[in-house]
Amino acid sequence: MNDGIGSEGIHPIRVMSAAAHAVVELVMAFRLEKIRPGDHLPTIPILAERLGVSPAVAQAAVAQLAESGVLDVRRGRSGGIWLRDLVCITDALSKVLPDRRFERANTADLLEVRRSLQTEAAILTAANADDSVRAQLQNY
């Protein structure tokens with residue numbers, strides 16, 4: 001039976017878990033330097049709200065990034081979450097996206113393409129937006 005689709009062109013669809021998606025979003029914030037090494041991150045409830053996920057999902061994402069050496073998590077009175085180092089980002093991404101092979105250069109290229117696309121989308125949205133939407137975009 002020839003259906004016009006070669007077996008090499010079909011790949012199973014894999015949907016990222018919410019925690020994996022949260023890891024990717026946090027990594028984007030780090031790469032875009034919204035959060036820099038040594039910076040203190042918001043609390044888990046605030047991260048969850050900003051990421052649009054539950055606190056449990058935000059906690060899982062933070063735990064994955066801490067396990068990879070990206071974040072430093074300290075408990076107690078002087079506790080909190082800090083961005084430790086960007087060197088381990090590739091390791092963190094390879095753990096949440098195990099079917100893909102990451103090299104540092106490729107990861108940086110992919111993140112740069114995503115940033116360019118997001119910027120272009122924001123410009124197009126702003127061109128067709130009213131003043132209140134433009135103000136919101138300006139805040140981002």
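Let me begin with one contact: the charged end of Arg74 sits over the ring of Trp82, at 4.2 Å from the ring centre. A charge counts as sitting over a ring if NZ of Lys or CZ of Arg is within 6 Å of the ring centre and within 35 degrees of the ring normal.

Before going further, I should say that this is a predicted model, in which local features need pLDDT of at least 70 and side-chain atom pairs count only at pLDDT 80 or more, while totals for chains, interfaces and linings use all residues. Residues are numbered from 1 along each chain as its sequence is written, and side-chain values use heavy atoms, with hydrogens and water left out.

First, the overall layout. The chain has six helices and two strands, and its pattern along the sequence reads α-α-α-β-β-α-α-α. Helices (H or I, at least four residues) and strands (E, at least two) are DSSP runs, numbered from the N terminus. Of the 140 residues in the chain, 29% are buried. Here buried means under 20% relative accessible area, exposed means over 50%, and partly exposed lies in between, with a 1.4 Å probe and protein chains only. Among contacts (heavy atoms within 4.5 Å) between residues at least 6 apart in sequence, 52% join residues at least 24 apart.

I return now to Arg74 and its charged partners. How many salt bridges does a search of the whole structure find? The search finds two, a salt bridge being a side-chain nitrogen of Lys or Arg within 4 Å of a carboxyl oxygen of Asp or Glu. Arg74 pairs with Asp72, the closest N and O atoms being 2.8 Å apart. Asp72 also forms a salt bridge with Arg84, with 3.7 Å between the closest N and O atoms. This second pair links distant parts of the chain: Asp72 belongs to strand E1 (residues 71-74), whereas Arg84, twelve residues apart from it, lies in the loop between strand E2 (80-83) and helix H4 (89-96). Shared partners thus join Asp72, Arg74 and Arg84 into one network of salt bridges. Arg74 counts as partly exposed because its relative accessibility is 43%, and Arg84 is partly exposed at 47%.

Let us move to helix H3, residues 55-67. At 1.5 Å a residue, its 13 residues should span 18 Å, and the end C-alpha atoms are indeed 18 Å apart; the expected span is 1.5 Å times one less than the number of residues. Which residues of H3 are buried? They are Val57, Ala58, Ala61, Val62 and Leu65. These residues cover an arc of only 135° around the axis, so they lie on the same side of H3. The arc is that of the directions from the helix axis to the C-beta atoms. The face turned away from this buried side carries the exposed residues Ala56 and Glu67. The partners against which the buried residues of H3 pack are helix H1 (18-31), helix H2 (44-51), E1, E2 and H4.

Directly after H3 comes a loop that leads to E1. Ser68 lies in this loop and is buried, with a relative accessible area of 8%. Not counting residues up to four places away in sequence, Ser68 touches Cys88, Asp91, Ala92 and Lys95. H3 is followed by Gly69, whose phi is positive, near 90°. Val70 is also placed in the loop between H3 and E1. Is Val70 buried or exposed? Val70 is buried, because its relative accessible area is 0%. Leaving aside neighbours within four places in sequence, its contacts include Phe30, Trp82, Arg84 and Ile89. Val70 and Asp85 are 15 residues apart in sequence, yet their C-alpha atoms are 5.2 Å apart in space.

Two further helices show a buried side. In H4, the buried residues are Ile89, Thr90, Ala92, Leu93 and Val96. Their arc around the axis is only 160°, which puts them on the same side of H4. In H2, the buried residues are Ile44, Leu47 and Ala48. Because they cover an arc of only 100° around the axis, they are on the same side of H2. On the other side of H2, Pro45, Glu49 and Arg50 are exposed. The buried residues of H2 pack against H1, H3 and E2. Gly52 follows H2, with a positive phi near 75°.

I close with helix H1, where Arg31 is placed. Arg31 is partly exposed, at 38% relative accessible area. Its C-alpha atom is separated by 7.5 Å from that of Leu111, which lies 80 residues apart along the chain.
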